[in-house]
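Me: I would like to go through the terms used for this model one by one, and to see in each case what the label rests on.

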Amino acid sequence: MIEADAKDRRLLCSMLSKLNADVQDYDSAESYLASPHGTRGSCLITDMTLPGMSGLDLLKCLRATHATTPVILLGEDADVRAAVAAMREGAVDFIEKTHVDVSIVRRVAYLLDHSQHAH
């Protein structure tokens, strides 16, 4: 999970801790890519707006290297252009930040469940 804002990162980690999953958190796309865990997870959640490389640029980079990790992008409410761009680049979902609490755990649980069946 990549989120530049420390408070939002803690909140997301707290929500995802309800799942039986190993949650790795990063403050930038660059730190994620530099990590030995990077690009190998069952699911990636990234904010659209990050310092340096954006979440959308990261998604494009991952797809260019044929990484198949499901990516969920988090963005601002009613940012239709960002949502369309995210889906066009192969994101599995675009969740508005104000709806994260409702949607994120359910969506990640679904992706984790389906990634385990795929192996």
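Me: What covers the buried residues of H4?

Reply: The cover includes H3, S2 and S3, where helices (H or I, at least four residues) and strands (E, at least two) are DSSP runs numbered from the N terminus. This is a predicted model, in which local features need pLDDT of at least 70 and side-chain atom pairs count only at pLDDT 80 or more, while totals for chains, interfaces and linings use all residues. Residues are numbered from 1 along each chain as its sequence is written, and side-chain values use heavy atoms, with hydrogens and water left out.

Me: Which residues of H4 are buried, and what makes them lie on the same side?

Reply: In helix H4 (residues 80–88) the buried residues are Ala82, Ala83 and Ala86, buried meaning under 20% relative accessible area, exposed over 50% and partly exposed in between (1.4 Å probe, protein chains only). They cover an arc of only 100 degrees around the axis, which puts them on the same side of H4; the arc is that of the directions from the helix axis to the C-beta atoms. An α-helix has 3.6 residues a turn, so residues three or four places apart point the same way. The face of H4 turned away from the buried side carries the exposed residues Val80, Arg81 and Arg88.

Me: Why is Ser54 called buried or exposed, and which of the two is Gly52?

Reply: Ser54 has 19% relative accessibility and therefore counts as buried, whereas Gly52, at 69%, counts as exposed. Ser54 is placed in the loop between S1 and H3, and Gly52 is found in the loop between S1 and H3 as well. The side chain of Ser54 reaches the backbone nitrogen of Asp57 at 3.0 Å, which is within the 3.5 Å allowed for the N or O atoms of a polar contact (within protein, one must be able to donate a hydrogen and the other to accept it, and residues adjacent in sequence count only if both atoms are side-chain atoms).

Me: How do you know that S1 and S2 pair, and where does S3 belong?

Reply: Two strands pair if DSSP finds at least two bridges between them, and four bridges join S1 to S2, which run parallel. Strand S2 (residues 71–75) and S3 also pair in the parallel sense, over four bridges, and the open sheet of three strands has the order S1-S2-S3. Its edge strands are S1 (44–47) and S3 (93–96), each pairing on one side only. Leu73 stands opposite Phe94 in S3, while Thr46 stands opposite Leu73 in S2.

Me: Which way do the residues of S1 point?

Reply: Leu44 and Thr46 point one way from S1, Ile45 and Asp47 point the other way, and all are buried. In a regular strand the side chains alternate between the two faces of the sheet.

Me: What makes a group of residues a nonpolar core, and how many residues has the largest one?

Reply: A nonpolar core is a set of buried Ala, Val, Leu, Ile, Met, Phe, Trp, Tyr and Cys residues joined through side-chain atoms within 4.5 Å. The largest has 19 residues, and those with the most contacts inside it are Ile2, Leu44, Leu58, Leu73 and Phe94. H3 gives the most to this core, with four residues. A second, separate core of 16 residues includes Met1, Ile104, Val108 and Leu112.

Technical notes: Contact = heavy atoms within 4.5 Å.
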